[in-house]
Amino acid sequence: MKQNFSINGMSCNHCVAKVEESINQLPGIQKVKINLKKETGTVKFDETQVNAQQIAAKVTETGYATEVM
Ligand SMILES: [Cu+2]
């Protein structure tokens, strides 16, 4: 499935890479697309392996405030 998240606190492409990397560490992640300007992220994942809450928790753990949209 595909899920949008709001991700706050990213200031540059390094932050984007950090968020992308952390999400990609989770199982079942198929695609991660972060929009720095809009402060959003779209994640495509296998819902039998991971859920939106786990993805949000991972982003929060990395240091950015996030919410499932
Ligand atoms: Cu940065």
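Which residue of E3 stands opposite Val 32? Select Val 32 and look across to the neighbouring strand, where Val 43 in E3 stands opposite Val 32.

Before going further, note that this is a predicted model, in which local features need pLDDT of at least 70 and side-chain atom pairs count only at pLDDT 80 or more, while totals for chains, interfaces and linings use all residues. Residues are numbered from 1 along each chain as its sequence is written, and side-chain values use heavy atoms, with hydrogens and water left out.

**The sheet**

Now select residues 29-35 and 40-45, which are strands E2 and E3, running antiparallel and joined by 6 bridges. Helices (H or I, at least four residues) and strands (E, at least two) are DSSP runs numbered from the N terminus, and two strands pair if DSSP finds at least two bridges between them. E2 and E3 form a hairpin with 4 residues between them, and in the turn Glu 39 has a positive phi of about 55°.

Widen the selection to the whole open sheet, whose 4 strands follow the order E2-E3-E1-E4 with antiparallel pairing. E2 and E4 (65-68) stand at the edges with a single partner strand each, so one side of each is left without a neighbour in the sheet. On average, neighbouring strands of this sheet are turned by 25° against each other, direction ignored; axes are lines fitted to C-alpha atoms, for helices over the stretch in contact, and angles run from 0 to 180 degrees between N-to-C directions.

Next, select E1 and E4, an antiparallel pair with 4 bridges, where Ser 6 stands opposite Glu 67 and Phe 5 stands opposite Val 68. Helix H1 (residues 13-24) packs on the sheet and touches E1, E2 and E3, its direction making about 160° with that of E2. Helix H2 (residues 52-62) also packs on the sheet, touching E1, E2, E3 and E4, and its direction makes about 170° with that of E4. Contact here means heavy atoms within 4.5 Å.

**Gln 3 in strand E1**

Select Gln 3, which lies in strand E1 (residues 2-8). Gln 3 counts as buried because its relative accessibility is 12%; buried means under 20% relative accessible area, exposed over 50%, and partly exposed in between (1.4 Å probe, protein chains only). The side chain of Gln 3 reaches the backbone oxygen of Met 69 at 2.8 Å. Beyond residues up to four places away in sequence, Gln 3 touches several others, including Gly 41, Phe 45 and Ala 52.

**The copper ion**

Move to the copper ion, which is coordinated by the SG atoms of Cys 12 and Cys 15 at 2.0 to 2.2 Å. Donors are N, O and S atoms within 2.8 Å of the metal (3.2 Å for Na, K and Ca), and water is not among the atoms, so sites may look incomplete. Cys 12 counts as partly exposed at 34% relative accessibility, whereas Cys 15 counts as buried at 8%.

**The nonpolar core**

Finish with the largest nonpolar core, which has 19 residues; among those touching the most other members are Ile 7, Val 43 and Ile 55. Such a core is a set of buried Ala, Val, Leu, Ile, Met, Phe, Trp, Tyr and Cys residues joined through side-chain atoms within 4.5 Å. Leaving aside neighbours within four places in sequence, Ile 55 is in contact with residues including Phe 5, Ile 23, Ile 29 and Val 43.

How values were computed
A polar contact is a pair of N or O atoms within 3.5 Å; within protein, one must be able to donate a hydrogen and the other to accept it, and residues adjacent in sequence count only if both atoms are side-chain atoms.
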